[in-house]
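Visitor: Could you walk me through this one, a piece at a time? I'd like to ask as we go.

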Amino acid sequence: MTRQAPDSAAAARPMRSLGRDSVGVALVAIAGLAGYWLFPDNLSFLTRMISVALLVLSLDLVVGYCGIASLGQAALYGAGAYAAGIACLAGVTEPFLLILIGAAAGGVTGLLMGTIMLRAHGLPQLVLSIAIVQLLHEAANKAYSVTGGSDGLSGMAPAPLFGIFEFDLWGRTAYLFGLALLVIVFVALKLLVRSPFGMVCRGLKQDPLRVSALGISAFPVLLRMFLISGAVAGTGGALGAIATQVVGLDSVSFELSANALVMLVLGGLGNLYGALIGTVVFMAVEHIVAAFNPFHWLTLVGGLLVAIVLFAPRGLSGSIDEAARILMRGKRRTAP
Amino acid sequence: MQTALSIALDALAYGMALFIICIGLSLTMGLMRLVNLAHGAFAMIGGYIASYAARDLGLGYAVGIVLAVAGTILIAIPLERLLFRRIYDRSELSQVLMTIGITFCVIGITNYFFGPTLKTIPLPAELAQPVDLGFRSIAGHRLFVIASGLVVAGGLWFLIERTGFGINLRAAVENAPMARALGVRTEWIYAASFALAIGLAAFGGAVGAEFLPIEPYYALRYMVTFLVVVSVGGAGSIPGALAACILLGAIDVTARYLVPDFGNFFFYLAVILIVCLFPRGLLGRAQ
Amino acid sequence: MNAVFEVAHLSKSFGGLRVNHDVSIAMAAGERLALIGPNGAGKTTFVNLVTGRIPPSAGSVRLAGEDITSLGAVARVRRGLVRTFQVTRLFPDMTPEEHVVMAILQRQGRATRILARFHGDGAASDEAAGILATLSLTAIARRKVAEIAYGQQRLLEIAIAMAQRPKVLLLDEPAAGVPSSDTPLIERALERLPASLAVLMIEHDMDLVFRFAKRVVVLAAGELIFQGLPADVARDDRVREAYLGSYAHAGG
């Protein structure tokens with residue numbers, strides 16, 4: 001193997017990864033637009049997919065980048081959904097403002113959740129995440145006058161986008177709005193995980209003791225990540241509220257939290273693409289199989305999880321990565 | 001006063017039912033370092049077997065429970081060999097994911113065979129009657145659950161603290177390579193303690209069915225409750241688990257009685273407070 | 001005396017067990033001091049006390065005149081008391097360059113910025129390249145740490161410490177686990193440490209201690225039993241007893 005001159009490599013690597021990310025973002029946008037043309041009758045389902053994808057992305061920030069296992073991420077998603085839903089019913093109908101309200105509510109909830117969860121480690125931490133989402137679930141159920149209890153909120157009527165594009169019956173506007181939102185958030189998160197802050201988070205996941213020996217305190221870093229993660233999840237929740245015009249108790253549930261974790265692991269942790277791939281694959285298969293028999297669906301997901309842990313611990317995106325690397329290696333070998 | 005007493009007895013019985021199921025989970029987590037979210041699935045299998053034997057085959061309560069324990073362990077053995085053994089030294093997240101996966105499979109398969117209805121385990125006449133304690137009477141079944149819980153706690157304490165098996169188990173947990181070098185068959189120890197934990201889960205699932213009804217989503221619905229008990233008590237601690245079960249049972253039953261329309265709100269609020277105050281559990285081991 | 005680092009009457013008991021008792025050490029800027037002692041002497045506890053991982057039962061730690069006894073581990077690092085680890089603590093998925101850049105950014109208070117790029121920081125990259133070159137790590141600067149040799153990982157620990165520009169550096173067995181053929185690499189790296197830096201080395205390898213340290217302290221059964229020149233250590237009766245006695249016990 002020839003040794004590269006270090007300074008040329010120094011310039012080459014960040015450029016290469018930047019290029020790869022631009023291609024990745026383009027692919028996400030293209031896949032989204034393809035969905036628009038290919039499934040015009042399922043746009044509301046696809047919008048829901050985007051909304052959940054934001055939730056899974058937010059979970060990747062906490063689990064994949066910081067190494068904190070959470071089974072309560074839907075607390076943040078639900079906070080965003082209810083905040084946007086309540087604001088919309090109260091007369092705030094500007095869609096962008098509703099998204100901001102959702103993100104803010106998610107962020108604040110994220111701060112609270114982080115403050116509580118970061119007190120413990122390991123299993124107690126996992127249990128705290130569950131207890132928080134269950135607590136909010138019970139609170140949403142009880143506060144009937146604000147949240148509609150088990151009936152949920154409905155009848156939200158967001159104003160036209162930019163004052164021009166109505167949220168139509170077929171969900172075209174909602175879908176394209178959601179897709180644009182997803183691409184923007186995705187780009188922002190790609191920049192985030194490449195920032196010094198993102199690198200410290202990765203460090204905390206791999207060896208917290210080394211991070212503290214560098215003189216970096218973990219708590220403020222992790223708390224900030226919870227804030228950001230909450231804002232992203234809240235954005236997803238608000239998008240769901242605007243697009244489906246319904247907010248139910250299921251948006252702040254243990255089940256949704258557990259499903260989000262399954263989607264993330266299915267797609268692969270810690271690279272953001274996995275969150276998207278996992279969401280799409282999981283929800284598409286669920287859409288088909290669960291309609292047919294919910295228990296077969298459970299068995300299938302269960303078997304899949306076991307198989308992932310045993311045979312593909314890095315998830316689908318990891319497997320794709322691996323396959324790509326093997327192919328590349330083959331190509332390089334054939335070249336002189 | 002009468003109501004307070006009857007709430008207290010209810011809470012105690014409910015706490016003991018929780019204890020019988022959860023102590024196995026606490027031991028697998030504390031001693032074997034395995035986060036087994038499928039523990040509730042084994043309790044559910046026990047409940048289904050007991051119900052099938054006692055109700056559908058008419059074999060009676062006692063036979064039903066014995067079959068539940070034996071049958072669940074039989075089902076667990078191949079699972080331990082094929083699946084669990086591979087994740088003993090994997091990360092917590094891997095363990096969580098695989099055991100959630102197993103839980104999903106158990107729910108799906110059980111419902112494929114038994115249908116999505118509630119399963120009851122008919123009580124024998126002796127346990128269905130109230131028993132007079134002098135100051136007040138209590139349902140015989142509750143007394144039976146309380147007694148079973150105490151027997152399980154005492155028996156486990158004796159097994160772990162006072163027998164050769166307990167010594168080997170603790171050695172295998174502290175330092176597996178060293179224990180192996182000293183001739184302890186750690187694989188066998190792990191398999192045996194796993195079977196013990198599963199057997200207790202099945203027993204608890206069967207005798208606790210009055211409190212935690214056997215239904216299709218049992219394994220998922222109570223997974224959270226079981227996890228909460230173990231982390232509040234401190235994984236691996238028998239007195240900790242006992243204290244956590246009685247405390248959480250009391251909170252749950254009292255809240256349901258006093259503020260029924262709040263559901264589990266106060267239960268989870270208490271859990272958050274307790275875990276924040278005692279991040280290692282009420283009686284967890286200092287590390 | 002204007003000591004940059006001063007440990008006074010430091011003690012720690014676990015229950016009734018005295019693991020460190022009345023340990024006092026003072027170091028001047030630029031000093032090279034080695035702390036040695038037989039197994040079980042309490043060296044690890046001493047490191048944990050000094051770095052703030054566990055609180056002492058009594059005594060104080062001062063850094064550049066400031067009492068840092070009540071400060072946590074992170075705050076001590078920020079004030080310039082930096083350590084390396086006996087068993088390497090590195091991020092397996094990151095490259096040596098990324099480790100050093102992170103240390104530089106933290107020194108400049110920029111390590112947790114969100115609106116900045118980690119890899120595009122020219123000044124930090126250049127400084128990191130310089131440090132890595134000093135320790136002959138340039139060739140592997142962009143490999144994942146998990147893929148590089150253990151000896152190189154030990155060197156990287158020293159590189160990170162240099163990037164932190166400490167006032168006092170605690171080297172916890174820098175040559176532990178390194179094949180003896182690679183020990184000269186470590187030794188050369190230690191020679192490159194800034195002359196003004198006070199270095200306290202905890203080490204087993206006596207050859208390394210004799211070549212590196214100008215002064216030696218010996219810890220046995222939790223107490224300091226010797227302070228003096230390296231040449232005098234082997235002749236001291238109490239030191240001989242501590243080492244040979246412990247061997248006799250280990251043998252029996």
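**Chains, helices and contacts**

Guide: To kick off, 32 residues of chain C are in contact (C-beta atoms, placed from the backbone, within 7 Å) with 25 residues of chain A. Keep in mind that this is a predicted model, where local features need pLDDT of at least 70, side-chain atom pairs count only at pLDDT 80 or more, and totals for chains, interfaces and linings use all residues. Residues are numbered from 1 along each chain as its sequence is written, while chains are lettered from A and ligands numbered from 1 in the order in which they are written.

Visitor: Which helix gives the largest share of the side of chain C that touches chain A?

Guide: Helices here are DSSP runs of H or I with at least four residues, strands are runs of E with at least two, and both are numbered from the N terminus. On chain C, H2 (73-78), H3 (96-107) and H4 (122-134) each supply at least two residues of that side. The largest share is five residues, and it comes from H3(C).

Visitor: How are H5(C) and H6(C) oriented to each other?

Guide: Their axes, lines fitted to C-alpha atoms over the stretch in contact, come within 10 Å and cross at roughly 10 degrees, on a scale from 0 to 180 degrees between N-to-C directions. Angles under 35 degrees count as roughly parallel, over 145 as roughly antiparallel, 65 to 115 as roughly perpendicular and the rest as oblique. H5(C) and H6(C) are therefore roughly parallel.

Visitor: And what about H7(B) and H9(B), how do they sit?

Guide: H7 (residues 164-174) and H9 (residues 186-207) of chain B have axes 10 Å apart and pack at about 110 degrees. Asn168(B), Leu169(B) and Ala172(B) in H7(B) meet Thr186(B), Ile189(B) and Ser193(B) in H9(B). By that angle, H7(B) and H9(B) are therefore roughly perpendicular.

Visitor: What do the buried residues of H6(B) pack against?

Guide: H6(B) covers residues 140-162. Its buried residues (20 or more other C-beta atoms within 10 Å of their own, C-beta atoms being placed from the backbone) include Phe144(B), Val145(B) and Val152(B). They pack against four elements of chain B: H1 (2-30), H5 (125-128), strand S2 (137-139) and H9.

Visitor: Last one: what percentage of chain A is buried?

Guide: Chain A comes to 14 helices and two strands. Of its contacts with a separation of 6 or more, 78% join residues 24 or more positions apart. Among its 336 residues, the buried part is 51%.

Definitions and conventions
Contact = placed C-beta atoms within 7 Å. Expected span 1.5 Å × (residues − 1). Buried ≥ 20, exposed ≤ 12 C-beta atoms within 10 Å, placed from the backbone.
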